[in-house]
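Me: Could you take a close look at a single helix for me, the one that comes at the start of the chain? I'd like to follow the reasoning as you go.

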Amino acid sequence: MQCQELLVQWLSWGMILAGLVHLLCFLKSHAPYGRYMGSSFSSWMVPARLAWFIQELPALLLPLLLLLSTSDSHRTGRCLLLSTFCLHYFQRTCVYSLLTRGRPYPFNIMVSGIIFCSVNGFLQAHHLLHCLIYPHMHLSDGRTRIGMAINMHSDHVLRNLRKPGETTYKIPRGGLFEFVSGANFFGEIVEWLGYATATWSLPTFAFAFFTMCFIGPRAYHHHRYH
C-alpha cells in the first residue's frame, strides 16, 4: 500500500482540532458518563464491559490487519513501534474490559469511541507502516513503558476500591495516587508522549495531544471532586 500522505495530514490536523474543541467544551463541564452521569440522563445504556470491549477493539484490529497485509522487508523498527500501540489496546480490549466494574456506558459515547478508535487505529498503523521515513530509531524511550505501567497499576487500584455490587466512589490510595489524584490519566498521558517522542511525527503527536485534551479535563474534574 502506498502512503496516503494527504489523508494522514488531514486526519492528524482533524484530531488536533477535535482535541481543542473537546478541551474548550469540557474544561468547565463534565463529560456525561461515569460518576458525572446524572440520574436524569437519558440515553441507551450499554454494560461497561461490553462497551469498553466494542469501542476499543478497532484500535487493535485495524493495526493488526494492516500489519499482516504489509510485506516490506525493512519494517522491523516500525513494527516494534506499532507493537507498543497494539499492546496498549490489547490490554484495553482483552484485559481491562473484562475486569472493569464501571457503571453502564451511554450508547452515544460508545459510538463516538468506536469512531475515534477506528480512525486513530488506521492513522497510526498506516503512517508507521507506509509513510514513516525513520533512519534513527528511538525505541529505547522508556516513557511509553513507564506510562503504561502507571496506567495499568492505577486501574488495578481503582478496580479494587469497591466491593462487587458497590457503586459509591471512594478516594484511591497507593501508587502514584499518593501524589496525583488522577494517576491513571497521568500514566496514559506519559505513555503517549513517550510514543510521540519515539516516532517524532505529526500523527503520533496529534494522538498524544488529543489524549491530553480529552482526559486532561476529566483529571481536573476528578481532582476537584476529591
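Reply: Happy to! The expected span of a helix is 1.5 Å times one less than its number of residues. Keep in mind that this is a predicted model. Helix α1 runs over residues 5-26, and its 22 residues should therefore span 32 Å at 1.5 Å a residue. The end C-alpha atoms of α1 are 32 Å apart, which agrees with that expectation.

Now for its sides. Val8, Ser12, Met15, Ile16, Gly19 and His22 are the buried residues of α1, where buried means under 20% relative accessible area. Looking down the axis of α1, these buried residues fall within an arc of 125°, so they line one face of the helix. The spacing fits a general rule: an α-helix has 3.6 residues a turn, so residues three or four places apart point the same way. Turned away from the buried side of α1 is a face that carries the exposed residues Leu6, Trp10, Trp13, Leu17 and Leu24.

Helix α2 makes a nice companion to set beside it. With 21 residues (48-68), α2 reaches 30 Å from its first C-alpha to its last, close to the 30 Å expected. Even so, α2 bends by about 35° at leucine 57, and proline 58 follows within four residues. Proline 58 is also one of the buried residues of α2, a list including Trp52, Gln55, Glu56 and Leu60.

How values were computed: Residues numbered from 1 in each chain as written. Predicted model: local features only at pLDDT ≥ 70, side-chain atom pairs only at ≥ 80, totals over all residues. Heavy atoms only, no water. Helix = DSSP H or I, 4+ residues; strand = E, 2+ residues; numbered from the N terminus. Buried < 20%, exposed > 50% of the residue type's maximum accessible area, 1.4 Å probe, protein only. Arc of directions from axis to C-beta. Bend = angle between axes of the 7 residues up to and from the residue.
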